[in-house]
Each structure stands twice: as C-alpha cells, then as structure tokens.
2 protein chains.
Amino acid sequence: MASDHTRSAILAAAERLYADRGFGDVTLRDIVAEAGVNLAAVNYHFGSKDELIAELFVTRSVQTNRERLRELKAAEEEGGGRAPIEVILRALVGPTLRGCLGPENQRSTAARFMIRASIESVPPIRRIKNREIDHLRKFVGAMRRSLPDRSEVDIYWGLNFALAMAHHTIRESERLTKLSEGKCDLDDVEDVVARVVSVATMALTAGRTEPKAPARALARDAR
Amino acid sequence: MASDHTRSAILAAAERLYADRGFGDVTLRDIVAEAGVNLAAVNYHFGSKDELIAELFVTRSVQTNRERLRELKAAEEEGGGRAPIEVILRALVGPTLRGCLGPENQRSTAARFMIRASIESVPPIRRIKNREIDHLRKFVGAMRRSLPDRSEVDIYWGLNFALAMAHHTIRESERLTKLSEGKCDLDDVEDVVARVVSVATMALTAGRTEPKAPARALARDAR
DNA sequence: GATAGTTTCATACAACTGTTTGAATTGCAA
DNA sequence: TTGCAATTCAAACAGTTGTATGAAACTATC
C-alpha cells in the first residue's frame with residue numbers, strides 16, 4: 001500500500017465528525033467531504049461504514065485497556081502479587097476518566113469521540129464492548145487477591161459500582177456541571193478519580209477490619 | 001375523538017417493538033404492521049415519529065418521577081422536614097430500579113422499554129431527559145436539609161454517584177450477570193436497591209460523626 | 001337520512017442511505 | 001517506456017425512510 005493518506009484522512013475526519021455531532025446524523029458523505037476524498041474510498045479502505053466505526057473505537061479502547069493493565073501489573077508486582085484495592089481501582093477507572101475528561105478547551109478529538117461512544121452505543125461499538133468481559137476478569141482476579149476475605153459477589157458489585165461511577169460521570173458530565181452550576185469541577189480529573197476510587201473502596205471494604213486508616217471523606221486523598 | 005383504539009394500539013405496538021429491538025431498527029412500517037393499523041395513522045395521531053417516541057417516554061418517566069416525589073415527600077413529612085439520607089436516596093433510586101429490574105419472565109414491556117431508552121438515547125428522549133434537572137434539584141434540596149454540614153459539592157457528587165450506580169446497573173445488567181456467571185442476582189430488586197443506597201450513603205457520610213450505627217457491608221440492610 | 005367532522009386508507013413522494021460498478025488515474029517495478 | 005497493480009473517481013444503484021395527499025369510510029348530530 002502506498003501512503004495511507006486517504007485512509008488516515010478518513011479516520012481523522014470521521015472521528016472529528018462523530019465526536020462533534022454523534023453517530024446518528026453523520027453520513028459517509030459528510031465524512032468524505034470533510035476528508036476531501038471520494039465516497040467510494042470508505043468502502044475501499046474499510047469495507048463498510050460499521051467497520052470504519054469499529055476501527056475507530058478499537059484503536060482508542062485498546063489504548064485505554066493497555067494503560068489499565070500496565071498500571072495493574074505494576075501495582076501487583078510492587079506488592080508481590082497483591083495490590084491494595086485502592087490502587088487496583090485507580091488502575092481500572094483512572095485511564096478511562098483521564099481519557100475522557102479534562103479541560104474542555106483542550107479536550108482532544110479522541111476524548112470527545114469516546115464520550116460519544118459511551119453515550120450513543122451504536123451496534124458495531126456494542127459488539128466490541130461485549131468482548132470486554134475477559135479484560136474485566138483480570139481486574140476481578142486482582143481484586144479477589146487483594147481482598148481474599150470478601151465474597152465473590154461483593155467483588156463483582158464493587159467492580160460494577162466503580163465502573164458505574166466512572167462511566168456515568170463521563171456520560172453525564174454536562175448535566176452534572178449544569179446541575180451544580182459549575183461547582184463540581186470536572187476539569188480536575190485527578191479529583192474525580194480520587195472521588196470514584198474513594199467511594200468504590202468504601203463499598204468494597206465497609207464493615208470489615210481495616211488494616212489501613214479509615215477512609216476519608218469524598219476525595220481529598222488524591223495526589 | 002372516538003375510541004382511541006388506533007392511538008393506543010400504536011403506542012402498545014411501538015413500546016413492545018422498541019423494547020425488543022431497540023430504536024435503531026424499528027421503522028414506522030414495523031409499528032403499524034404490529035398494531036394492525038395504517039401507516040398514515042402515526043402522523044395523524046402523533047404528528048411525527050419523534051413525538052410518538054417522546055410520548056412513550058414521557059408517560060413512563062412521569063410515573064417514575066411521581067413515585068420518587070411521593071416517597072420523598074412522605075419521608076420528609078414524617079421526619080418533620082428532614083428525612084434520613086438513606087431514605088432520600090431510596091426514594092431517588094428505588095422507583096427507577098424497581099421499574100426496570102425484576103424477574104426476567106415478568107419483566108414488563110414498559111420496563112424493557114425504559115432499559116432501551118437508557119441504553120440508546122435517541123434525540124427526542126435526550127431532549128426530555130435534559131428537562132429532568134429541576135426534578136433532581138428537589139432531591140438536592142432534601143439532601144442538603146438532611147446533611148446540613150456537608151458541602152454543597154459533596155452533595156452533588158453523592159447524588160451523581162447514586163444515579164450512576166442505579167442507571168449503570170440497569171444499563172449493564174446483562175453484562176454483570178454474564179461477568180459474575182449469574183452469581184449477582186439482579187432479580188432481587190430490593191437487594192440491588194439496598195446495595196446502591198448503602199454505598200451512596202457511605203459516600204455522603206464518610207469521615208463525619210455518625211449519629212447512627214456504622215454502615216454495614218454491601219446491602220443486607222434492605223427490608 | 002342528510003350533513004359535517006373525524007378517522008382510516010392506499011398510494012405516492014422526495015430525500016437520503018450505504019454500497020457497487022467500471023472506467024480513469026496514479027505509482028512503481030522491470 | 002511498458003506493464004501491472006493499487007488507488008481514485010463520478011455515477012448510478014437499490015433500498016429504505018418519514019411524511020404528505022386526497023379520496024373513502026365511518027360516526028354522531030340534527
């Protein structure tokens with residue numbers, strides 16, 4: 001293959017348009033116009049519209065997943081096979097939140113695209129998300145090693161709630177800003193991460209003997 | 001107007017089809033075929049496809065909101081203007097969860113429709129959801145009265161996390177079941193409510209003097 | 001039972017969709 | 001330069017979509 005110029009122009013244009021206007025009302029003709037290429041180029045290079053969307057989403061989500069696993073692995077190695085639950089949860093939700101939130105004006109196209117993907121949920125993306133379960137099982141494993149006394153069901157619920165808080169905050173960031181009249185600062189990503197991790201940790205450790213200091217209020221124990 | 005037969009047949013057919021197959025691939029022709037009425041009837045009775053969807057969603061969500069406010073009002077009256085935070089949170093997430101989860105075999109069309117609406121987020125529904133902020137402010141008010149020492153920002157985050165856990169659990173109930181290999185019982189709605197309320201309460205009260213007994217583990221304090 | 005208003009119907013419309021086609025163009029190797 | 005494959009292009013295709021139309025059927029009132 002030659003220079004990939006057309007191919008990457010399509011990818012860039014598609015990501016930008018989907019990020020700005022959503023999957024619902026962006027057509028292939030919009031994309032090729034934005035990219036300055038011919039309509040048939042999409043099917044030539046990607047096979048179909050759905051495969052184009054899938055490639056966009058896969059690219060971004062493997063980046064996030066790789067970062068998650070990198071943090072998880074580093075934490076478990078440092079702890080000799082067992083990482084503190086806070087660190088595991090941070091590895092789980094940190095990369096996702098950092099990838100999607102942050103100062104509005106410098107929020108990348110990729111970030112805005114991933115927010116869209118989490119809001120609209122179109123078939124090709126849903127298919128990919130369904131394969132994410134194996135990835136999550138690695139975190140379940142780490143969490144069980146970290147909290148061996150905790151029941152398996154509680155682990156699943158804790159994981160579910162951690163993901164819930166992260167994803168919902170991303171999806172509804174605009175509404176939270178409006179509801180709180182700007183008082184909730186979603187641009188301070190590390191504060192958001194700390195809040196989510198703090199609550200999820202409490203969910204997973206409440207009612208047990210705590211080897212560590214009691215959980216603090218919402219957030220504040222970020223760094 | 002005569003008997004409303006056509007109108008309600010359309011509503012019922014549309015809700016059923018949307019619940020089963022999603023908004024993405026149900027056309028007006030599918031709906032009128034299922035309802036046994038003429039294609040033009042939709043535009044005659046509802047004006048447009050979007051207005052039909054909006055009417056379906058509004059009907060169900062005002063039911064939920066009414067139930068929420070009923071529980072909230074009852075709780076505050078009983079407490080002389082101040083309700084315990086657990087009860088407020090239960091009023092917030094209980095009706096939603098009860099409306100969407102529950103034993104699969106008896107899960108109503110309305111419930112499955114609302115799950116769809118929370119997954120797919122099509123324009124007419126998004127427009128309605130955006131008007132939900134005033135409704136949420138009533139809960140913010142109640143929460144501030146219940147926890148007068150808590151900062152306003154913490155209240156907003158607590159509300160955000162409570163809604164996050166409820167909605168995400170609804171949206172991803174299938175995935176949680178698969179991930180936990182059926183060990184997380186999503187048919188026991190009251191257990192789910194108790195878990196969400198418990199964690200949200202911890203998020204809102206951690207690190208403070210507690211007039212009540214310390215929060216128990218995940219759930220169990222349901223009723 | 002004639003009339004006026006409402007509701008239903010078959011049908012056409014106009015626009016838009018993703019995809020395909022086959023010819024033109026390009027780039028590179030021999 | 002020649003030849004061949006990869007790429008680009010304009011154009012058309014085939015199908016679907018929500019909506020509009022105007023006539024027909026119905027309903028209730030007088």
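## Fold of chain A

Chain A holds 11 helices and zero strands. Its pattern along the sequence is accordingly written α-α-α-α-α-α-α-α-α-α-α. The model is a predicted one. Measured out along the principal axes, the C-alpha trace of chain A covers about 65 × 40 × 25 Å.

Over all chains, a search of the whole structure returns 41 salt bridges. One of them pairs A:R7 with A:E55, with 2.4 Å between the closest N and O atoms. This pair ties together distant parts of the chain: A:R7 belongs to helix α1 (residues 5-21) of chain A and A:E55 to helix α4 (residues 49-78) of chain A, and the two are 48 residues apart.

## Relation of the two copies

Chain A is superposed on chain B by a rotation of 180 degrees with 0.0 Å of shift along the axis, at an RMSD of 0.0 Å. This rotation and shift are the relation of a two-fold axis. Both copies use the same surface, since 100% of the contact residues of chain A recur in chain B.

## Interface of chain A and chain B

The contact draws 48 residues from chain A and 48 residues from chain B. Between the two chains about 4500 Å² is buried, and carbon and sulfur atoms supply 67% of that area. On the side of chain A, the residues that lose the most area to chain B are A:W157, A:R175 and A:L179, which together account for 17% of what that side buries.

Six salt bridges are found across the interface of chain A and chain B. A:E152 and B:K183 form a salt bridge in which the closest N and O atoms are 3.4 Å apart. Polar contacts between chain A and chain B number 10 residue pairs, with both residues at pLDDT 80 or more. The side of chain A that touches chain B takes two or more residues from each of α6 (109-120), α7 (123-130), α8 (133-146), α9 (152-171), α10 (173-179) and α11 (189-205) of chain A. Of these elements, α9(A) gives the most, with 15 residues. Sorted by class, this side of chain A has 25 nonpolar, eight polar and 15 charged residues.

## Surroundings of DNA strand D

DNA strand D is surrounded by 16 residues, and the closest are A:T6, A:H45, B:T27, B:R29 and B:K49. Of the atoms of DNA strand D that come within 4 Å of the protein, 54% belong to sugar and phosphate. By class, the surface near DNA strand D consists of seven nonpolar, six polar and three charged residues.

Individual atom pairs involve both base and phosphate. An N or O atom in the side chain of A:N38 lies 3.3 Å from a base nitrogen of DNA strand D. On the phosphate side, a polar backbone atom of B:L28 is 3.1 Å from a phosphate oxygen of DNA strand D, and a polar side-chain atom of B:K49 is 2.5 Å from a phosphate oxygen of that strand. Two or more residues of the surface near DNA strand D come from each of α3 (40-46) of chain A, α2 (28-35) of chain B and α3 (40-46) of chain B. The largest share is that of α3(A), with three residues.

Conventions
Residues are numbered from 1 along each chain as its sequence is written. Chains are lettered from A and ligands numbered from 1 in the order in which they are written. This is a predicted model: local features need pLDDT of at least 70, side-chain atom pairs count only at pLDDT 80 or more; totals for chains, interfaces and linings use all residues. Side-chain values use heavy atoms; hydrogens and water are left out. Copies are superposed by least squares on the C-alpha atoms of residues with pLDDT of at least 70 in both. Contact means heavy atoms within 4.5 Å. Buried area is the accessible area (1.4 Å probe) that two parts lose on being put together, summed over both. A salt bridge is a side-chain nitrogen of Lys or Arg within 4 Å of a carboxyl oxygen of Asp or Glu. A polar contact is a pair of N or O atoms within 3.5 Å; within protein, one must be able to donate a hydrogen and the other to accept it, and residues adjacent in sequence count only if both atoms are side-chain atoms. Helices (H or I, at least four residues) and strands (E, at least two) are DSSP runs, numbered from the N terminus. Ala, Val, Leu, Ile, Met, Phe, Trp, Tyr, Cys and Pro count as nonpolar, Asp, Glu, Lys and Arg as charged, and the others, Gly among them, as polar. A residue is near a molecule or strand if one of its heavy atoms lies within 4 Å of it.
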